[in-house]
Amino acid sequence: MKYIKKSEEPESFTVWKNLANEDWQPSWENFSKPQKTDVHNSLLQEQGFICCYCGRRINTDDSHLEHLKPRTTYPQLALEYTNILASCQKDTVRKEPLHW
């Protein structure tokens, strides 16, 4: 795995999460454009457009957002920018990445 010096999360992501109220809570399930795109682009930039696992060159078309600590085990970290990385798809079956 590549060492990644994490930067600050994109402002749009912070603002979106701060919209939380008693009627609505931000979650991975309702995380979408434009904030998701901003996070993806920020991760690619801070990683030097390199997959966090294998070092392969990546871009927005051939990468996805990956959680260092899995959402199933650590649901409280699902929207923590420090827990999100960009990983290559490197899929043998479409939409089933090699790196889980």
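## Overall composition

The accessible surface of the chain comes to about 6500 Å², and carbon and sulfur atoms account for 50% of it. The model is a predicted one. Of the 100 residues in the chain, 37% are buried.

The secondary structure consists of 2 helices and 2 strands, and their order along the sequence is α-α-β-β. Among contacts with a sequence separation of 6 or more, 59% are between residues 24 or more positions apart.

## The nonpolar core

The largest nonpolar core contains 16 residues. Those with the most contacts inside this core are Phe 13, Trp 28, Phe 31, Val 39, Leu 43 and Leu 65. Two or more residues each come from α1 (11–17), α2 (35–46) and β2 (84–88).

Leu 65 can serve as a point of entry to this region. With residues up to four places away in sequence left out, Leu 65 touches Trp 28, Phe 31, Lys 36, Val 39, His 40, Leu 43, Ile 84 and Leu 85. Trp 28, Phe 31, Val 39 and Leu 43, which are among these contacts, also appear among the core residues with the most contacts.

## Helix α2

Helix α2 has 12 residues, which at 1.5 Å a residue should span 16 Å; the end C-alpha atoms are 16 Å apart, so the model agrees with the expected span. The buried residues of α2 are Gln 35, Val 39, His 40, Ser 42, Leu 43, Leu 44 and Glu 46. The cover over these buried residues includes α1, β1 and β2.

An α-helix has 3.6 residues a turn, so residues three or four places apart point the same way. In α2, Val 39 and Leu 43 are both buried, and Leu 65 touches both Val 39 and Leu 43.

## Ser 42 and the segment before α1

Ser 42 lies in helix α2. Its relative accessibility is 17%, so Ser 42 counts as buried, the cut-off being under 20%. Beyond residues up to four places away in sequence, Ser 42 touches Ser 7, Glu 8, Pro 10 and Tyr 81.

One of these contacts, Glu 8, lies in the segment before α1. Glu 8 has 71% relative accessibility and therefore counts as exposed. Glu 8 nevertheless touches Ser 42 and Tyr 81, again not counting residues up to four places away in sequence. Glu 8 and Tyr 81 are 73 residues apart in sequence, while their C-alpha atoms are 8.0 Å apart in space.

## Backbone features on either side of α2

Most residues other than glycine have a negative phi, and most peptide bonds are trans. Two places in this chain depart from that pattern. Lys 33 and Pro 34 are joined by a cis peptide bond, with omega about 0°. Pro 34 belongs to the loop between α1 and α2.

Phe 49 is not a glycine, yet has a positive phi of about 60°. Phe 49 sits in the loop between α2 and β1 (63–67). At 30% relative accessibility, Phe 49 counts as partly exposed. Gly 48, just after α2, also takes a positive phi, of about 70°.

Key. Residues numbered from 1 in each chain as written. Predicted model: local features only at pLDDT ≥ 70, side-chain atom pairs only at ≥ 80, totals over all residues. Heavy atoms only, no water. Core = buried A, V, L, I, M, F, W, Y, C linked by side-chain atoms within 4.5 Å. Buried < 20%, exposed > 50% of the residue type's maximum accessible area, 1.4 Å probe, protein only. Helix = DSSP H or I, 4+ residues; strand = E, 2+ residues; numbered from the N terminus. Contact = heavy atoms within 4.5 Å. Areas by Shrake-Rupley, 256 points an atom, 1.4 Å probe, with all protein chains shown as cover. Expected span 1.5 Å × (residues − 1).
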